[in-house]
Amino acid sequence: MEYKVVIYQEGMLGSLVLGGSKVNPIKFTEFLNKNSAEGWRVQTMEKDIRRMLLFWKREAYVVILGREK
């Protein structure tokens with residue numbers, strides 16, 4: 001098996017304008033489908049709230065993907 005770790009998060013603009021940014025489910029689905037087409041499968045993932053520029057927060061996911069070598 002081989003693995004890769006990806007931190008998926010939305011851009012800074014939504015956090016600055018709205019005070020916080022959540023992951024867009026449509027873009028996240030596209031990200032997962034793109035990696036799936038390359039043979040990657042989600043092994044596990046963890047939700048994380050990341051601080052940005054001291055006052056703003058944005059949602060992120062740490063995704064561990066695996067596939068057969």
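## Worked exercises on a predicted fold

Averaged over the protein chain, pLDDT (the predictor's confidence in each residue, from 0 to 100) is 82, and 77% of the residues score at least 70. This is a predicted model, in which local features need pLDDT of at least 70 and side-chain atom pairs count only at pLDDT 80 or more, while totals for chains, interfaces and linings use all residues. Residues are numbered from 1 along each chain as its sequence is written, and side-chain values use heavy atoms, with hydrogens and water left out.

**Exercise 1. Find the elements with the lowest and the highest mean pLDDT.**

Solution. Start with the elements: helices (H or I, at least four residues) and strands (E, at least two) are DSSP runs, numbered from the N terminus. Then compare their means: helix H1 (residues 12-18) is lowest at 51, and E1 is highest at 94.

**Exercise 2. List the residues of the largest nonpolar core and say which element gives the largest share.**

Solution. Step one is the rule: a nonpolar core is a set of buried Ala, Val, Leu, Ile, Met, Phe, Trp, Tyr and Cys residues joined through side-chain atoms within 4.5 Å. Buried means under 20% relative accessible area, exposed over 50%, and partly exposed in between, with a 1.4 Å probe and protein chains only. Step two gives nine residues: Val6, Tyr8, Val23, Phe28, Phe31, Trp40, Tyr61, Val63 and Leu65. Step three assigns them: strand E1 (2-9), helix H2 (25-37) and E4 each give two or more residues to this core. The largest share, three residues, comes from E4. As background, nonpolar side chains in soluble globular proteins tend to be buried together.

**Exercise 3. Work out how the buried residues of H2 are arranged around its axis.**

Solution. First check the length: H2 has 13 residues and reaches 18 Å from its first C-alpha to its last, close to the 18 Å expected at 1.5 Å a residue (the expected span is 1.5 Å times one less than the number of residues). Next, pick out its buried residues, Phe28, Phe31 and Asn35. They cover an arc of only 55° around the axis, so they sit on the same side of H2; the arc is that of the directions from the helix axis to the C-beta atoms. Finally, look at the face turned away from that side, where the exposed residues are Pro25, Ile26, Glu30, Asn33, Lys34 and Ala37.

**Exercise 4. Classify the aromatic pairs that tyrosine 8 makes with phenylalanine 28 and phenylalanine 31.**

Solution. Rings of Phe, Tyr and Trp (its six-membered ring) pair if their centres lie within 6.5 Å; planes under 30 degrees apart count as stacked, over 60 as edge-to-face and the rest as tilted. A search of the whole structure finds four aromatic pairs. For tyrosine 8 and phenylalanine 28, the ring centres are 4.9 Å apart and the planes are at 45°, so this pair is tilted. It links strand E1 to helix H2 across 20 residues. Tyrosine 8 has a relative accessible area of 12%, so it is buried. Tyrosine 8 and phenylalanine 31 also form a tilted pair, at 5.0 Å centre to centre with 35° between the planes. To finish, Tyr8, Phe28, Phe31 and Tyr61 form one aromatic cluster.

**Exercise 5. Decide whether glycine 66 is buried or exposed, and list its contacts.**

Solution. Locate glycine 66 in strand E4 (residues 56-67). Its relative accessibility is 1%, so glycine 66 counts as buried. Contact means heavy atoms within 4.5 Å. Not counting residues up to four places away in sequence, glycine 66 touches Met1, Glu2, Tyr3, Gly39, Trp40, Arg41 and Gln43.
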